[in-house]
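User: I am in my first year and would like to learn how the labels on a protein model are justified. Please take me through this one.

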Amino acid sequence: MDLLFWAAGFAGHTLLFAVLFIRRRARHFPLFTAFVGSALIRTIALFEIQRHGTKADYFYSYWSLAVVDAVLQAAVVFEIAYHVFRPGGRWATDVRRDLTYWVAASILSAGVLTLLAAPSTSLAIQRVMIEGNFFTSVLMSELLAGMIFLSLKTGLPLRTHAARISEGFGLYSFVEVIIETAHTYFGLSHGDHAYVVLSHIRMAAYLVCLTFWIFILWMNVPVSMTGNGELDSQLRRIREIADRDLSVIEKRARR
Amino acid sequence: MNGQMMFFLIAVFVFAAILGVLMFRGIASSRRRSQTPWQNLIAQLAETDHSALELLAKHTSNRDASSVLDDEQTLPPEEVWRMVGGMKGLELLDHNSKVMIAMAAYVHEWHPVASSEAEELRMIGREIEWHVNRLRAAERAANLESWFGNYAENTAAAYCLMAERLLHFCEAARLPRPMLSELQRAL
């Protein structure tokens, strides 16, 4: 079962990585691309370590890379916020204060909920592991929900691909909160069967999210915005001209 | 199950319920907004007395430009109330400004180079929202009369500026003629 999830995860990340470059999304979402790339490297590294290293090697490598993964997730959240809340190239002035308060409140509430958690474990490191995962999942889900809410409140719409990345992340983080709550409840002091089953459910949810991202990042902007075929083709033509003009301006700016 | 675990589960349940509602409603609203066709946005614009608002906006700009404030330059509050259409009229302006922000976002989706103009429109919309919120607070505090004149005039001025800028923005973004005409008629 683990091998199946590994293989599916590896295939999914490879496909997503390819989509990001083929469809030229990587230049707009470099941190998300780094997150996907890192997940690929992590899968390969852990597979090799599990085959050739000791259990301790695997354990410490897994959790070191998990920290990198958590940092990259936070970076992706920042990248989405960068796309949404910086219209005209500067952070929207009416959002800065709300964003700061939201981030601070999210960290505080995630911390408080984590302090309440008291998973029953045999080793202290297991407790750190479960509480660390719980804290990260709560924080990510709060940050993403807050971003969606603020974008509606301030009239700064979540644009197509940024919207879909944040939706996928948000929904997956929400599922992760439930899974990590269950991890906390069952703990590890009476064996790891429940932990393993819940981890498989989490991996399955992540694979669904990965598939969603592959599909949605491959697609272009929604086809019809006017419900009128002639107007849609005029708008598409305008967009092609604008995209072409923008890439010419960007090339000249780079020179 | 001990007391702390029970308390933890209840706290997580409440947290997940609030977050879940916020997230799902947010995603649904965001998708609905991004997929609203142009005609639906036009249909959302409420009818306003644009000539009265323009007159009020002109008066506000003359008043602001003049260094001396005299009785002739100050419109009586009842007159401002009538021209704006009272609190209901202001609510309509606030509603329309949000629709105009959605329109600017729509046009920006198709003409991404115009982000600073779209942002300017959004900031004017936020200014209108701010003025109307102050008046809502004044109404709740039964103090509307002393606040209405000034805030209502500024709201009308901002609204007219926003409508003018939106039309200019759509023209500059080469919005197809039929869509632009529809917008001009609606505003």
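Analyst: This is a predicted model. A good place to begin is E119(B), which counts as buried at 12% relative accessibility.

User: What makes E119(B) count as buried?

Analyst: Buried means under 20% relative accessible area. E119(B) has 12%, so the residue counts as buried.

User: Which residue forms a salt bridge with E119(B), and how do you know that the pair qualifies?

Analyst: The partner is R122(B), and the closest N and O atoms are 2.8 Å apart. The rule asks for a side-chain nitrogen of Lys or Arg within 4 Å of a carboxyl oxygen of Asp or Glu. A value of 2.8 Å is within 4 Å, so the pair is called a salt bridge. Both residues lie in helix 6 of chain B, three residues apart, or about one turn of the helix. R122(B) has a relative accessible area of 2%, so this residue is buried as well.

User: Why is K98(B) called partly exposed?

Analyst: Partly exposed is the class between under 20% (buried) and over 50% (exposed). K98(B) is at 42% relative accessibility, so partly exposed is the class that applies.

User: What is the salt bridge partner of K98(B), and is that partner buried or exposed?

Analyst: K98(B) forms a salt bridge with D94(B), with 3.1 Å between the closest N and O atoms. D94(B) is buried, because its relative accessible area is 4%. The two residues sit four residues apart in helix 5 (residues 86-110) of chain B, about one turn of the helix. They also belong to a network of salt bridges that links E91(B), D94(B), K98(B) and R136(B).

User: How many salt bridges are there over all chains?

Analyst: The count comes to ten over all chains. One of the salt bridges is in chain A, where the side chains of R42(A) and D69(A) meet at 3.8 Å, N to O. That value is within 4 Å, so the pair meets the rule.

User: What does the pair R42(A) and D69(A) tie together, and why?

Analyst: R42(A) lies in helix 2 of chain A and D69(A) in helix 3 (residues 55-84) of chain A, so the pair ties together parts that are 27 residues apart in sequence. R42(A) and D69(A) are both buried.

User: Why is F13(B) called exposed?

Analyst: Exposed means over 50% relative accessible area. F13(B) has 61%, so exposed is the right word. Its place is in helix 1 (residues 3-34) of chain B. Together with M6(B), I10(B), V14(B) and I18(B), F13(B) makes a nonpolar surface patch of about 510 Å².

User: Which residues of helix 8 (residues 177-186) of chain B are buried?

Analyst: They are M179(B), L180(B) and L183(B). Their arc around the axis is only 100°, which puts them on the same side of helix 8 of chain B. R177(B) and R185(B) are exposed on the other side of that helix.

User: What makes H161(A) buried, and which residues does it touch?

Analyst: H161(A) is at 13% relative accessibility, which is under 20%, so it counts as buried. H161(A) is found in helix 6 (residues 160-186) of chain A. Leaving out residues up to four places away in sequence, H161(A) touches R25(A), F29(A), I216(A), L217(A) and M219(A).

User: How many helices and strands are in chain A?

Analyst: Chain A has eight helices and zero strands. Of its 255 residues, 47% count as buried.

User: Where is confidence lowest and highest among the helices of chain A?

Analyst: Confidence is lowest in helix 8 (residues 229-254) of chain A, with a mean pLDDT of 61, and highest in helix 2 (residues 30-52) of chain A, at 90. Over residues 223-227 of chain A, pLDDT stays under 50. Where pLDDT is low, the predicted coordinates should not be read in detail. For chain A the mean is 82, and 84% of its residues reach 70 or more. Chain B averages 81, with 90% of the residues scoring at least 70.

Definitions and conventions:
Residues are numbered from 1 along each chain as its sequence is written. Chains are lettered from A and ligands numbered from 1 in the order in which they are written. This is a predicted model: local features need pLDDT of at least 70, side-chain atom pairs count only at pLDDT 80 or more; totals for chains, interfaces and linings use all residues. Side-chain values use heavy atoms; hydrogens and water are left out. Patches are made of residues with over 30% relative accessible area and no salt bridge: like charges are joined within 9 Å, nonpolar side chains (Val, Leu, Ile, Met, Phe, Trp, Tyr) within 5 Å. Accessible areas come from the Shrake-Rupley method with a 1.4 Å probe; for residues, only the protein chains shown count as cover. Buried means under 20% relative accessible area, exposed over 50%, partly exposed in between (1.4 Å probe, protein chains only). pLDDT is the predictor's confidence in each residue, from 0 to 100. The arc is that of the directions from the helix axis to the C-beta atoms. Contact means heavy atoms within 4.5 Å.
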